Amino acid sequence: MKLPYSWLKELLPDLPPVSELEPVFAHLGLPLEGVEEVPAPVEGVLLVAVKSAEPLAGTQLTKLTLDTGENGEKTIASGAPNAVGLPAGTMLALVTPGTTLGGMTYGVRPMQGVESWGMAASARELGIGESNAGILTFPAGTAAPGTPLRELWPADSVLDVEVTPNRADVLSALGLARDLAAYLKLELNEPTIPAAPTQPGEIRVSLPDRGRVLDRDPSKKLRFGCDHFAARAVSGVQNGPAPLWMQRRVSLAGMRSIDLIVDTSNYVMLELGQPTALYDRRDVAGDGLVVAFGLREGENVKDLLGNTHQVGGEDLLILDAGMSDEPVMSVAEAFSTMKQPKEGSHVLGIAGIVGGEHGHVRADTRDVVIESAHFDPVLLRRTATRLGLKTDAVYRFERGVDPLLAPKAAVRVAELLREYGGGTPEAGQTLVGTPELPFEITATGEQIRALLGMHIDTAEMRDILTRLGCRVEGEGDELRVLPPSWRVDMVIWQDLAEEVARLHGFAELPETLPTLRVHESNLGASAPSDRRADLRRTLSGLGFQEVVTYTFTSDEEAQKARAELPGVRLRNPMTTDRTGMRTALYPSLLKAAGAHAKGERVMLFEIGRIFPTSGETERLGLLMRGDLAARTYQDGVQGGFSVFKGLVQSFAATSGATLEVQQLRGEEVPAALHPGIAGAVVWNGERVGWLGALHPEIAQEFGLKGDTFLLEAALPLPGRDWAFRDPSRAPAAWRDLAVIAPAGVSYGEIVGVLKGAGGELLEQVEPFDVFTGEQVGEGNRSVAVRLTYRGAKTLTEEDIDPVFNAQIEAVKAQGWAIREK
């Protein structure tokens, strides 16, 4: 949540400077994500008054005649859409000639026959807001023409506060100031708001039946959607730009200024924490509002932005009462006739989420109906999630808004429209429903001290809870606490303990070493985590760098990498390129590698989960490209496939595991790999994945030039217990053998045959030559290997010959030949 420091300073005059607030917010459990210093508009930007606005024939420009104060009367040509028909007296921000803004210096230049004296700027062009839809305008009389804007819009610090889901009470300027006041023991200047009228208003309201059960489980709480609703009418509002101070606060809080009516609703939400909705009274048929759900299931509702949503049986709607020929004799009778919407009623909005196209405020709106209500957070969250709507109102309602705040917020909106829009609020205000309020919590000081593990006097606990707005009673060590209505998160006595610790200071918690007692059922529970940590350390030691990429992907990315298309789809994706759950790790690694400089060595690994159709699993991904060691004053180390395979073998050896790479051919080759450089990873005798060179076509898709090597393997990759033995005192014996086999026979297959016939004496097989030519026949190759034998004693020819001959026979049994000298 973003909030300007100046706003908090107005509510808390003795608030410390911004530089001292970071530890304060941290102690409150509301850490600052950042502090943005927003400068004032540059010098040379003046507040000027419009004298006339005339369209320039044949163009889309408007000629504005301006009163600029000491500079006299000036004219500009503006192409802003809201410059058309600006009423006389409206004030705007003018960038005067000679002023440099955004790297451009403005002057006087002719435009369609108009000597344009500077430029009328938008909020974004001035760097004080996000709106770029039109020029920045203010009500007539905001200041004397020619007043520098920086005098009225000074520099400020915007606090970005991280709010946990349970602290909806601090999602407003007043709520945050209230918490700071309790912690710092400061005096709080609350906004002056008149008491809500006690007499009924002219707008009738009907709420859903409390007895309706939406959850079929009888053990669950009954859900009736809305338990408190305030409605009030205001007539004769002169809609236009909001006052400068309001626009400034709304803009600094990260919202876009629209007009007086909309800005007032947003401002009250930011100030008090209560979202409100305002409807054009011309569209509220029957002078009544109906809160209902399940009555229009399957109907399409168009919101005020033009988007269409299909509502369901559990979606709460706001409708007007519809047209009726029957006379209504009294308010009570009106309520009794409004059990459900009449024919001809219209949807005004999806309750607590977004307003509808019908009834929304327009530029010519003069009479409004204010809706301020308390909605069920669970039902509202369900609707917002299903419809994919996340608004500022939803953000507050789903966390829990003060159930008693609705009438106060309605009065605040009406008073602001009266003061700044000249509106006339009706004498009464309709208020229906009985909200559920926090109930009394009983605890003892000893209970809280035992839970916190530190000594706090019961008297201090009373003081802390009282400062937070609680009503505290009880004698001696007993605490009977009634939380304030805005603290809907205080339900059990442990919540009281948390508040006591928070304001007393978490830093005061004693530092003690806990007694660790591990239950038998938890023995070995950390083994998977330990294995991952060992895996990370080993790969990092080999030169690989860990990356953490998005679990989300898209069909386009999967197709580009020739990976399986996502089967698990996101119902409400944040962006178009993150619509499904990934089915492989290597596309993300390729994308990360593409972000590095060309020619730079890249060695990456990731441990993450994938979601193919075969089921969710955890995998390890490796990527290497570029030279292992760059050339400097001596030759470097080129990063070919042999180097990559060697690193993987080192990784296996460090883990105490055996690794074998078996060549893959034909349809066995993964789509990501080069058909001629692909192998299966056999870990401790079990096939767990693949490795090889990236397919050239995929490399081109990702903009990767040069060789790129990949590995993807299923986890866990178990090691083996280390065992040590004395080295053999007997010397080794060697024999060389050249096997002629078809070129399609892999080296691994040859080694497998030799090891199978080598028995216990065979210690190692190492290649030292590969030869092709006429001597070995077309389509064949000769693979020369060195066989190492070792026994418990010095081996003789009589010991080695039988084993060597058996290996030769095993080779010939495969249809291969032995190359003679």
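**Exercise 1. Over residues 728-819, what percentage of the chain is helix and what percentage is strand, and how far apart are the end C-alpha atoms?**

Before solving, two notes on the model. This is a predicted model in which local features need pLDDT of at least 70 and side-chain atom pairs count only at pLDDT 80 or more, while totals for chains, interfaces and linings use all residues. Residues are numbered from 1 along each chain as its sequence is written, and side-chain values use heavy atoms, with hydrogens and water left out.

*Solution.*
- Step 1: helices (H or I, at least four residues) and strands (E, at least two) are DSSP runs, numbered from the N terminus.
- Step 2: the span is 32% helix and 35% strand.
- Step 3: its end C-alpha atoms are 32 Å apart.
- Step 4: an unreviewed UniProt entry annotates residues 728-819 as "domain: FDX-ACB"; such annotations may be inferred rather than shown by experiment, and their positions follow the numbering used here, with feature names shortened.

**Exercise 2. Describe residues 436-511 in the same style.**

*Solution.*
- Step 1: UniProt (unreviewed entry) gives this span the feature "domain: B5".
- Step 2: helix makes up 39% and strand 16%, and the end C-alpha atoms lie 41 Å apart.

**Exercise 3. Check the length of helix H5 (residues 173-184) and find its cover.**

*Solution.*
- Step 1: the expected span of a helix is 1.5 Å times one less than its number of residues.
- Step 2: the twelve residues of H5 should therefore span 16 Å, and the end C-alpha atoms are 16 Å apart, which agrees.
- Step 3: buried means under 20% relative accessible area, exposed over 50%, and partly exposed in between (1.4 Å probe, protein chains only).
- Step 4: eleven of the twelve residues of H5 are buried, including Leu174, Arg178 and Tyr183.
- Step 5: after the helix comes Lys185, with a positive phi near 60°.

**Exercise 4. Find what covers helix H17 (residues 586-594).**

*Solution.*
- Step 1: seven of the nine residues of H17 are buried, among them Tyr586, Leu589 and Ala593.
- Step 2: their cover includes helix H16 (555-561), strand S33 (602-610) and helix H19 (696-701).

**Exercise 5. Is Glu499 buried or exposed, and which residues is Glu499 in contact with, leaving aside its neighbours within four places in sequence?**

*Solution.*
- Step 1: Glu499 sits in helix H14 (residues 493-504).
- Step 2: Glu499 has a relative accessible area of 2%, so Glu499 is buried.
- Step 3: contact means heavy atoms within 4.5 Å.
- Step 4: beyond those sequence neighbours, Glu499 touches Ile464, Leu465, Leu468, Arg487 and Met490.
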